[in-house]
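Student: I would like to go through a protein model one question at a time. Can we begin with the chain in view?

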Amino acid sequence: MRVASYSDGETAVAALTGSAPEVQASVILLGVDLPALNGLDVLRRLKAGEITRSTSVVMLTSRTGERDVLAALELGAADHIAKPFSVPVLMHKVRTVLKQGQAW
């Protein structure tokens with residue numbers, strides 16, 4: 001696996017969208033509370049750019065209310081993982097999402 005990380009939502013959107021994106025990801029792990037552009041706004045832009053059709057987005061957040069979870073899922077997130085979480089649980093979820101993506 002290769003990993004790319006970004007310090008804020010604007011930088012992530014710039015790298016992941018456009019006619020020639022810098023990064024084409026199989027899975028995007030996306031926090032909600034990001035500087036410059038929050039994670040849900042990033043997800044909205046990914047959906048608008050049709051990135052979520054070929055890339056699975058997993059939200060990582062301490063916001064566990066039903067409304068927050070549903071908002072992320074309705075915007076195209078494949079899964080929602082509540083913080084704090086363990087690395088083995090996160091990796092299991094990533095592997096599961098990757099396997100599901102192979103079926104597309």
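The questions below deal with strands, a pocket, a core and some single residues.

Tutor: This is a predicted model, in which local features need pLDDT of at least 70 and side-chain atom pairs count only at pLDDT 80 or more, while totals for chains, interfaces and linings use all residues. Residues are numbered from 1 along each chain as its sequence is written, and side-chain values use heavy atoms, with hydrogens and water left out.

Student: How many bridges join strand 1 to strand 2?

Tutor: Helices (H or I, at least four residues) and strands (E, at least two) are DSSP runs, numbered from the N terminus. Two strands pair if DSSP finds at least two bridges between them. Strand 1 (residues 27-31) and strand 2 (residues 56-61) run parallel, and the number of bridges joining them is five.

Student: Which residue in strand 2 stands opposite Val27?

Tutor: Val27 belongs to the pairing of strand 1 with strand 2. The residue opposite Val27 is Ser56.

Student: Which element supplies the largest share of the lining of the largest pocket?

Tutor: A pocket, on a 1 Å grid over the protein atoms alone, is an open set of points where a 1.4 Å probe fits, with protein on both sides within 12 Å along at least five of seven lines; lining residues have an atom within 4 Å of a point. The largest pocket is lined by 24 residues, and those nearest its centre include Val27, Ile28 and Leu29. Helix 1 (9-16), strand 1 and helix 4 (87-102) each supply at least two lining residues. The largest share, five residues, comes from strand 1.

Student: Which element gives the most residues to the largest nonpolar core?

Tutor: A nonpolar core is a set of buried Ala, Val, Leu, Ile, Met, Phe, Trp, Tyr and Cys residues joined through side-chain atoms within 4.5 Å; buried means under 20% relative accessible area, exposed over 50%, partly exposed in between (1.4 Å probe, protein chains only). The largest core has 17 residues, and among those that touch the most other members are Ile28, Val42 and Met59. Helix 1, strand 1, helix 2 and strand 2 give two or more residues each. With four residues, the element that gives the most is helix 2.

Student: Is Ala36 buried or exposed?

Tutor: Ala36 lies in the loop between strand 1 and helix 2, and has a positive phi of about 75° although it is not a glycine. Because its relative accessibility is 64%, Ala36 counts as exposed.

Student: Which residues does a cis peptide bond join?

Tutor: The place to look is the loop between strand 3 (79-82) and helix 4, which holds Pro84. The cis bond has an omega of about -5° and joins Lys83 and Pro84.
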